Amino acid sequence: MPETWDYTLYVPNDLRAVTVCRRTLRLILTLHGLIGLVDTAELLAAELVSNAVRHTKGPAALRVRRTPQGVVWIGAWDSDPAPPDPPRPLEHSAELEYGSGIEGSTCGANWGWPRQPAAPGPPPRARAPHFTDLSR
């Protein structure tokens with residue numbers, strides 16, 4: 001059975017939080033022996049956190065955990081209660097000049113948002129988009 005763990009990093013509404021989250025995530029995965037997931041995980045986390053701080057006015061949080069089944073789950077919480085738009089198919093993203101980060105990064109990852117928050121403590125109506133199964 002794989003080792004399980006769960007980390008949450010709360011950040012202010014500040015674009016510098018994206019870099020803080022990326023570097024923290026890199027450290028977490030490296031220390032847990034999952035260096036092969038770092039590049040993909042950083043891309044996904046940067047997209048989630050940057051969307052949270054660019055498109056909302058409140059704080060955000062990055063959560064990364066490993067389940068008993070060995071699945072790495074990355075989620076972001078922000079204070080907007082509306083769920084984000086689902087990703088478009090990759091072929092529809094090629095013409096966009098911006099905003100294609102989630103679409104471009106969904107290759108091999110499951111994407112969604114739960115009704116429950118990604119981190120303990122946020123308001124019950126917060127949204128929490130996430131990615132799982134980064135090993136694909």
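Q: Is Arg63 buried or exposed in this predicted model?
A: The model is predicted, so the value comes from computed coordinates. Buried means under 20% relative accessible area. Arg63 has 16%. Arg63 is therefore buried.

Q: Which residue meets the side chain of Arg63 in a salt bridge?
A: The N to O distance of the pair is 2.4 Å. Arg63 sits in strand S2, residues 60-66. Its partner sits in strand S1, residues 5-11, and the two are 57 residues apart. The partner is Asp6.

Q: Which accessibility class does Asp6 fall in?
A: Buried residues lie under 20% and exposed ones over 50%. Asp6 has 42% relative accessibility. That value falls between the two limits, so Asp6 is partly exposed.

Q: How many salt bridges does the model have?
A: The rule asks for a side-chain nitrogen of Lys or Arg within 4 Å of a carboxyl oxygen of Asp or Glu. Asp6 with Arg63 is one of the pairs, at 2.4 Å. By this rule the count is five.

Q: Which residue pairs with Arg16 in a salt bridge?
A: Arg16 is exposed, with a relative accessible area of 62%. Its partner is partly exposed, at 22%. The N to O distance is 2.6 Å. The partner is Asp14.

Q: Which helices does the salt bridge between Asp39 and Arg26 tie together?
A: The side chains of Asp39 and Arg26 meet at 3.5 Å, N to O. The pair ties together parts that are 13 residues apart in sequence. Arg26 lies in residues 16-31 and Asp39 in residues 38-55, so the helices are H1 and H2.

Q: Which residues are linked with Arg26 and Asp39 in a network of salt bridges?
A: Asp39 is exposed at 57% relative accessibility. Arg26 is partly exposed at 34%. The network links this pair with Arg22 and Glu42.

Q: What span does H1 reach from its first C-alpha to its last?
A: H1 has 16 residues. At 1.5 Å a residue, the expected span is 22 Å. The model comes close to that, at 23 Å.

Q: What arc do the buried residues of H1 cover around the axis?
A: The buried residues of H1 are Ala17, Val18, Cys21, Leu25, Ile28 and Leu29. They lie on the same side of H1, because their arc is only 100°.

Q: Which exposed residues sit on the face of H1 turned away from its buried side?
A: The buried side is covered by elements including S1, H2, S2 and strand S3. The face turned away from it carries Arg16, Arg23, Leu27 and Leu31.

Q: Which residue just after H1 takes a positive phi?
A: The phi angle is about 75°. The residue is Gly33.

Q: What separates the C-alpha atoms of Val71 and Thr4?
A: Val71 lies in the loop between S2 and S3. Val71 is partly exposed, at 27% relative accessibility. Val71 and Thr4 are 67 residues apart along the chain. Their C-alpha atoms are separated by 9.2 Å.

Q: Where is confidence lowest in the protein chain?
A: The mean pLDDT of the chain is 76, and 60% of its residues reach 70 or more. Confidence is highest in H1, at 97. The lowest mean is 46, in helix H4.

Q: How many contacts beyond four places in sequence does the model have for residues 100-108?
A: The pLDDT of residues 100-108 stays under 50. Where pLDDT is low, the predicted coordinates should not be read in detail. With that caution, the number of contacts is 21.

Key:
Residues are numbered from 1 along each chain as its sequence is written. This is a predicted model: local features need pLDDT of at least 70, side-chain atom pairs count only at pLDDT 80 or more; totals for chains, interfaces and linings use all residues. Side-chain values use heavy atoms; hydrogens and water are left out. Helices (H or I, at least four residues) and strands (E, at least two) are DSSP runs, numbered from the N terminus. Buried means under 20% relative accessible area, exposed over 50%, partly exposed in between (1.4 Å probe, protein chains only). The expected span of a helix is 1.5 Å times one less than its number of residues. The arc is that of the directions from the helix axis to the C-beta atoms. Contact means heavy atoms within 4.5 Å. pLDDT is the predictor's confidence in each residue, from 0 to 100.
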